[in-house]
Amino acid sequence: MRNRGYYSGFGGAYVPEILVATFDELEDAFEDAKSDPSFRKSYEQLMASCCGRATPLTLAENLSERFGGARIYIKREDLNHTGSHKANNVMGQGLLVKRMGKTRVVAETGAGQHGVATATMAARMGLECTIYMGEVDVIRQRPNVFWMERLGATVVSVRDGSRTLKDAINEAFRDWMAHPDTTHYVLGTACGPHPFPEMVTYFQSIIGQEARRQVLNQAGKLPKRVYACVGGGSNAMGIFSGFLDDDVELVGAEAGGRGLGSGRHASRLAGGQGSIGIAQGYRSYFLQDGDGQMRETHSVAAGLDYIGVSPILAHLQRSGRARFEAVTDSEVVDAMALTMRCEGLVPALESAHGFAQAFKEVRGLAKEDVVIVNQSGRGDKDIFTVAEAFEDPGWRAFIRHKAEQYGARELHQGTA
Ligand SMILES: *Cc1c(COP(=O)(O)O)cnc(C)c1O
């Protein structure tokens, strides 16, 4: 009997008939790898030698003093190769692809971070790579498209539906269905049909394993709470899994966008905004209207802008093991600014959701207490969004200058 990956009724594998054998193959390969001690070892060695793991756990002394509550420790996934936790999953799946003897990978990407990480892995492991990206995102996230192509990937612009992440996922599945023998789909978060939620969590759990060891060494105790931002849920599942069996509160911060009342957000669990449905191959909470049509989502952080959420997180909420809160765009920008000024750390806008929620709550804890915030990635990629949010006049002048340069050059070429 196959375990179809249900977590209090969430999850499952709702896949077309034509992919059932491919999913069975993947599940078998994953189970086989998991039970082979040398596999986890080779994974950890790769993450050390190529990606710079273990990432540090940093005490944020100035922020802790400022709030006067619990001491705040930060898990530094921003220092992972390609600038976020994404590489943990991608490199792990890459090793699995090699074990299965496949030669090609496809992936979806929204903001482009998962696409860049996958293209990086494919270059290193000698795999052919195609990345599906909604047309809207191709335009919004041009720097990441540039890097994916330079890394040797083919980027396909998807023109279906809302031309964003969920459409890119559908297209990646279609490609996989057409080439199941040669191709593996490197899904980027702890969502999708079984075994993806479990498999992505397995690779991301390296975050929580390190963090638990580090906090015991450095603080001499377990944290009261662990905070992580939640897009699909992979960095949250990664750090939470280190503390599931401990008396530690797990807090997920979702994208509250312009506020839950505005309808312009991406909070599926917090505030009871999502409803249960089956989409993209799994059962979980989705942002949908009364007819089951998927709603438009919004977040200042492109990486949190998704309609669904990990079935394992839905289960942790239902069982009361984890709590979910919504953080608005403006709270996020404030938290990012404060973290930069106080600590010299530049969190990604996604990660800043976790920081903002922790900042709201640490005053209520004692000075002897400890919390951990997962800094899922670095904020360099967000320069366009952040400069706009801060209405930086020098930045606008720079963009205008660049545009004029291009305009002048094109004019020159046009008349030559
Ligand atoms: C992609 C991304 C996220 C959101 O994805 P999860 O699967 O929820 O972790 C969060 N932070 C960063 C920096 C990302 O790149």
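**Reading a two-domain predicted model**

Colleague: Which elements cover the buried residues of α11?

Modeller: The cover over the buried residues of α11 includes β1 (6-7), β2, α9 (196-219), α10 (234-240), β12 (282-286) and β13 (322-328). Please bear in mind that this is a predicted model.

Colleague: Which residues of helix α11 are buried?

Modeller: In helix α11, residues 311-318, the buried ones are P311, I312, L313, A314 and L316. Just after α11, G320 has a positive phi of about 80°.

Colleague: How is the protein divided into domains?

Modeller: The domain assignment gives domain 1 as 6-48 + 85-196 and domain 2 as 52-83 + 205-387. The C-alpha centres of domain 1 and domain 2 are 23 Å apart.

Colleague: How should one read the interface, and what area is buried between domain 1 and domain 2?

Modeller: The size of an interface is often expressed as the accessible area that is lost when the parts come together. Here, about 3,000 Å² is buried between domain 1 and domain 2, and carbon and sulfur atoms give 60% of that area. F10, Y14 and H85 supply 24% of the area that domain 1 buries against domain 2, more than any other three residues. In terms of contacts, 34 residues of domain 1 touch 40 residues of domain 2.

Colleague: How many residue pairs are in polar contact between domain 1 and domain 2, and how many salt bridges cross the interface?

Modeller: There are 18 residue pairs in polar contact between the two domains, whereas zero salt bridges are found across their interface. On the side of domain 1 that touches domain 2, the elements giving two or more residues are β2 (10-11), α2 (37-51), α4 (86-100), α5 (113-125) and α8 (165-178). The residues of that side divide into 17 nonpolar, 14 polar and three charged.

Colleague: Where is S84 placed, and is S84 buried or exposed?

Modeller: S84 is in the loop between β4 (71-76) and α4. Buried means under 20% relative accessible area, and S84 is buried because its value is 6%. A polar atom of the S84 side chain lies 3.0 Å from the backbone nitrogen of K86. Apart from its neighbours within four places in sequence, S84 is in contact with E77, S376 and G377.

Colleague: What can be said of V300, in the loop between β12 and α11?

Modeller: With a relative accessible area of 19%, V300 is also counted as buried. The C-alpha atoms of V300 and D329 are separated by 5.6 Å, although these residues are 29 residues apart along the chain. Leaving aside neighbours within four places in sequence, V300 is in contact with D329, V332, L349, H353 and T385.

Colleague: Why can R40 and E44 be described as about one helical turn apart?

Modeller: An α-helix has 3.6 residues a turn, so residues three or four places apart point the same way. R40 and E44 are separated by about one helical turn because they are four residues apart in helix α2. Their side chains meet in a salt bridge of 3.2 Å, N to O. R40 is buried at 14% relative accessibility, whereas E44 is partly exposed at 35%.

Colleague: Which parts of the chain does the salt bridge of R104 and E128 tie together?

Modeller: The side chains of R104 and E128 meet at 3.9 Å, N to O. R104 lies in strand β5 and E128 in strand β6, so the pair ties together parts that are 24 residues apart in sequence. R104 is buried at 11% relative accessibility, while E128 is exposed at 53%. Elsewhere, salt bridges that share partners join R225, E249, R323, E325 and E361 into one network.

Notes:
Residues numbered from 1 in each chain as written. Predicted model: local features only at pLDDT ≥ 70, side-chain atom pairs only at ≥ 80, totals over all residues. Heavy atoms only, no water. Domains from an automatic or database assignment. Contact = heavy atoms within 4.5 Å. Buried area = accessible area lost by both parts, 1.4 Å probe. Salt bridge = Lys/Arg side-chain N within 4 Å of Asp/Glu carboxyl O. Polar contact = N/O pair within 3.5 Å; in protein donor to acceptor, adjacent residues only side chain to side chain. Nonpolar A, V, L, I, M, F, W, Y, C, P; charged D, E, K, R; others polar. Buried < 20%, exposed > 50% of the residue type's maximum accessible area, 1.4 Å probe, protein only.
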